[in-house]
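Biologist: I'm new to this one and would like a close look at a single part of it. Could you put it up and walk me through the charged pairs?

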Amino acid sequence: MSLLFLLVAWSVAVLSCALLCRAAVAAAHLTPPVPRAGAQALPAPAAAERRGSGLTLYEMAYLSGGPHRLADVVLVLMAQKRRLLLADTGWATVVDPVGTDAVERAALTAIGPDGQRRIPAVRDALVSDDAVRQVADRLETAGLALPAAVRPGISGAVRLVRGAALVVLLSAVATYWRAAPGADSGPVLAWFAVPLILTLGTWAAARFELHPYSDWATTAGERQLPDAAGSHGAPDSPAAPAGSLITLALRGPAALTDPTLRAALHSSGA
């Protein structure tokens with residue numbers, strides 16, 4: 001039985017570490033090159049205001065959490081501008097059917113002619129809309145977002161390595177527990193130290209070299225993102241403070257200070 005536990009420990013350790021290495025190599029080789037200094041990395045959308053980092057609010061959201069985060073940002077932005085009403089029950093209702101940019105217009109289209117729809121359905125429709133895809137294409141062309149061929153990769157592989165380390169540890173404990181009374185289990189347990197060191201070492205290396213583990217932003221993209229704690233600037237509108245929207249873009253719905261908006265997004269599966 002101890003050999004079976006050992007085989008399981010070695011298998012999960014080697015496989016998970018190999019998958020993480022492959023994901024890291026794929027990200028390094030498939031990420032588009034970053035434009036030269038001084039070149040315009042991102043064409044400016046007509047209606048999107050750029051921040052000090054050179055990114056629009058939508059671009060920050062996409063690099064931080066992908067198209068679903070972008071969808072949450074545009075819904076909250078329109079709610080703060082009194083164009084939408086987001087109920088804490090998870091419904092989005094149109095108040096002012098006028099969008100100021102392509103993504104806002106896509107959100108209104110996703111809600112539909114009835115003027116009301118569940119937020120998960122609106123989010124899913126927005127994720128596949130051309131307006132959101134154009135934001136992703138701009139970022140991928142500029143070398144700031146990971147291409148579809150790479151994601152999801154590194155963050156998932158890191159979770160596998162962490163899980164493998166736990167499996168190795170549990171296998172070692174199970175081997176010790178099932179050992180016959182008085183039997184010398186030291187040599188067998190020593191063999192578990194190798195896969196444990198392998199997984200923990202790979203995890204440590206990934207945290208040093210690859211952290212933060214993003215399925216959306218490249219290393220260059222991560223460097224463009226501002227610090228959420230110090231994100232303050234001119235408001236998008238009198239009713240939409242830039243700091244709160246940037247924090248939402250970077251950290252997600254849990255960072256919202258408005259309990260109604262936070263409940264609306266969380267109750268809808270955000």
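Biologist: Let's start with Lys81: is Lys81 buried, partly exposed or exposed? Take your time and show me what surrounds the salt bridges, too.

Modeller: Happy to. Keep in mind that this is a predicted model. Lys81 is partly exposed, with a relative accessible area of 23%. The cut-off matters here, because buried means under 20%.

Now look at what Lys81 pairs with. Its side chain meets that of Glu104 in a salt bridge, 3.9 Å from N to O. The two sit in distant parts of the chain: Lys81 is in the loop between α2 and β1 (84-86), while Glu104 belongs to helix α3 (residues 102-111), and 23 residues separate them. Unlike partly exposed Lys81, Glu104 counts as buried, at 0% relative accessibility.

Glu104 has another partner, Arg83. Here the closest N and O atoms are 3.2 Å apart. Arg83 is also in the loop between α2 and β1, 21 residues from Glu104 in helix α3. Because its relative accessibility is 13%, Arg83 counts as buried. Through shared partners, the salt bridges join Lys81, Arg83 and Glu104 into one network.

As for the background, side chains of opposite charge can pair when their charged atoms come close.

The structure holds six salt bridges, and one more deserves a visit. Asp72 pairs with Arg123, with 3.0 Å between the closest N and O atoms. This pair ties helix α2 (residues 57-80), where Asp72 sits, to helix α4 (residues 119-127), home of Arg123, across 51 residues. What about cover? Asp72 counts as buried because its relative accessibility is 4%, and Arg123 counts as buried with 4% as well.

Helix α2 also takes us into the nonpolar part of the picture. The largest nonpolar core has 48 residues, and those with the most contacts inside it are Leu63, Leu70, Val76, Leu86, Leu126 and Leu139. Two or more residues come from each of α2, β1, α3, α4, α5 (130-141), α9 (242-251) and α10 (259-267). Helix α2 gives the largest share, 15 residues. So the helices holding Asp72 and Arg123, α2 and α4, both appear among the contributors to this core, and so does α3, the helix of Glu104.

Pick Leu70 if you want a spot to zoom in on. Leaving aside residues up to four places away in sequence, Leu70 touches Tyr58, Ala61, Tyr62, Val103, Val132 and Val135.

Now zoom out. The protein chain has ten helices and three strands, and from the N terminus they run α-α-β-β-α-β-α-α-α-α-α-α-α. Of its 270 residues, 42% count as buried. Among contacts with a separation of 6 or more, 68% are between residues 24 or more positions apart. The accessible surface comes to about 13,700 Å², and carbon and sulfur atoms account for 62% of it.

One last stop is Trp203, in helix α7 (residues 186-209). Trp203 is partly exposed, with a relative accessible area of 31%. Its C-alpha lies 6.7 Å from that of Val158, although the two are 45 residues apart in sequence.

Conventions:
Residues are numbered from 1 along each chain as its sequence is written. This is a predicted model: local features need pLDDT of at least 70, side-chain atom pairs count only at pLDDT 80 or more; totals for chains, interfaces and linings use all residues. Side-chain values use heavy atoms; hydrogens and water are left out. Helices (H or I, at least four residues) and strands (E, at least two) are DSSP runs, numbered from the N terminus. Buried means under 20% relative accessible area, exposed over 50%, partly exposed in between (1.4 Å probe, protein chains only). Contact means heavy atoms within 4.5 Å. Accessible areas come from the Shrake-Rupley method with a 1.4 Å probe; for residues, only the protein chains shown count as cover. A salt bridge is a side-chain nitrogen of Lys or Arg within 4 Å of a carboxyl oxygen of Asp or Glu. A nonpolar core is a set of buried Ala, Val, Leu, Ile, Met, Phe, Trp, Tyr and Cys residues joined through side-chain atoms within 4.5 Å.
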